[in-house]
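Student: Could you take me through one part of this model closely? I would like to look at a nonpolar area on the surface, and then at what lies around it.

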Amino acid sequence: MTPDPDTQPQFYDAVPTKRLVAWILDMILIAVLCLIIVPFTAFTGLFFFPFLMLVVGFLYRVATLAGGSATWGMRLMSLEIRRGDDRPLDGTTAFLHTLGYSVSFAIPVLQLISIVLMLTSARRQGLTDMVLGTVALNKRR
C-alpha cells in the first residue's frame with residue numbers, strides 16, 4: 001500500500017509543483033532529443049516536428065517510467081510513481097500511464113480535470129493516476 005497522506009504527509013509535500021518542474025525539464029530534454037534527430041531525417045523532421053515530439057516524448061516516458069518508475073525530470077525532482085501496491089511501475093503500467101497522459105494532454109478538459117485533482121486530492125493524483133491506481137511520491141531516501 002502507498003503511504004497514507006494523513007499519517008505520512010511528507011511523501012506528498014509539494015508533489016504538484018515538483019511534477020510541473022519535472023514536466024518542464026522533460027519537455028526541454030525531449031525537444032533537444034528531437035533537434036538531434038532532425039538532421040538524421042535530412043531535415044524533413046522540421047515539417048512534422050510536433051509529431052516527432054509526440055513520438056519521442058511517448059517513447060521517452062514509457063522507457064524511463066518502466067526503467068525506474070520516474071522520468072529523468074522526476075528523478076531530478078526526487079519524485080517517483082508507484083503502483084497502488086507500492087511497487088515500481090512495470091512496462092505495461094508505464095505504457096498505460098503514458099497513454100493516459102497523452103490522451104489527457106490531447107483533450108484540454110481532461111488535462112484541466114487532472115490538474116485540479118493533483119491540487120485537491122489527498123494523494124495528489126492526476127486523472128490517469130486515479131484510473132490506474134498509481135501515485136507520484138517524494139522519493140524515499
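**The nonpolar patch and beyond**

Tutor: Happy to. Start with α4, which gives the nonpolar patch its largest share, four residues. Keep in mind that this is a predicted model. The patch covers about 730 Å² of surface, and its members are Phe95, Leu96, Leu99, Val103, Ile107, Val109, Ile113, Val131 and Leu132. Three helices each supply at least two of its residues: α4 (91-106), α5 (108-120) and α6 (127-132).

Now turn to α6, where two residues make a nice pair to look at. Val131 sits in this helix and is one of the patch residues. It counts as exposed because its relative accessibility is 67%, and the cut-off for exposed is over 50%. Thr128 is also placed in α6, but it counts as buried because its relative accessibility is 13%, where buried means under 20%. If you display the contacts of Thr128, leaving out residues up to four places away in sequence, you will find Leu96, His97, Gly100, Tyr101, Ser104 and Thr134. Of these, Leu96 is also listed in the nonpolar patch.

From the helices, move on to strand β2 (residues 135-138), which contains Asn138. Asn138 counts as buried because its relative accessibility is 8%. Its side chain makes a polar contact with the side chain of Lys18, at 2.8 Å. Asn138 also touches Gln10, Phe11, Tyr12, Asp13, Val15, Ser78 and Leu79, along with Lys18 itself, again setting aside residues up to four places away in sequence. Ser78 is worth picking out here: Asn138 and Ser78 are 60 residues apart in sequence, yet their C-alpha atoms are 5.9 Å apart in space.

Two loop residues are worth a stop for their backbone angles. Asp86 lies in the loop between β1 (79-82) and α4. Its phi is positive, near 70 degrees, although the residue is not glycine. Asp86 is buried, as its relative accessible area is 18%. Phe43 belongs to the loop between α1 (15-37) and α2 (49-68). This residue, not a glycine either, has a positive phi of about 65 degrees. Phe43 is partly exposed because its relative accessible area is 48%, which falls between the 20% and 50% cut-offs.

To retrace the route on your screen, begin at the patch with Val131, step to Thr128 in α6, go on to Asn138 in β2, and end at the loop residues Asp86 and Phe43.

Definitions and conventions. Residues are numbered from 1 along each chain as its sequence is written. This is a predicted model: local features need pLDDT of at least 70, side-chain atom pairs count only at pLDDT 80 or more; totals for chains, interfaces and linings use all residues. Side-chain values use heavy atoms; hydrogens and water are left out. Patches are made of residues with over 30% relative accessible area and no salt bridge: like charges are joined within 9 Å, nonpolar side chains (Val, Leu, Ile, Met, Phe, Trp, Tyr) within 5 Å. Accessible areas come from the Shrake-Rupley method with a 1.4 Å probe; for residues, only the protein chains shown count as cover. A salt bridge is a side-chain nitrogen of Lys or Arg within 4 Å of a carboxyl oxygen of Asp or Glu. Buried means under 20% relative accessible area, exposed over 50%, partly exposed in between (1.4 Å probe, protein chains only). Contact means heavy atoms within 4.5 Å. A polar contact is a pair of N or O atoms within 3.5 Å; within protein, one must be able to donate a hydrogen and the other to accept it, and residues adjacent in sequence count only if both atoms are side-chain atoms.
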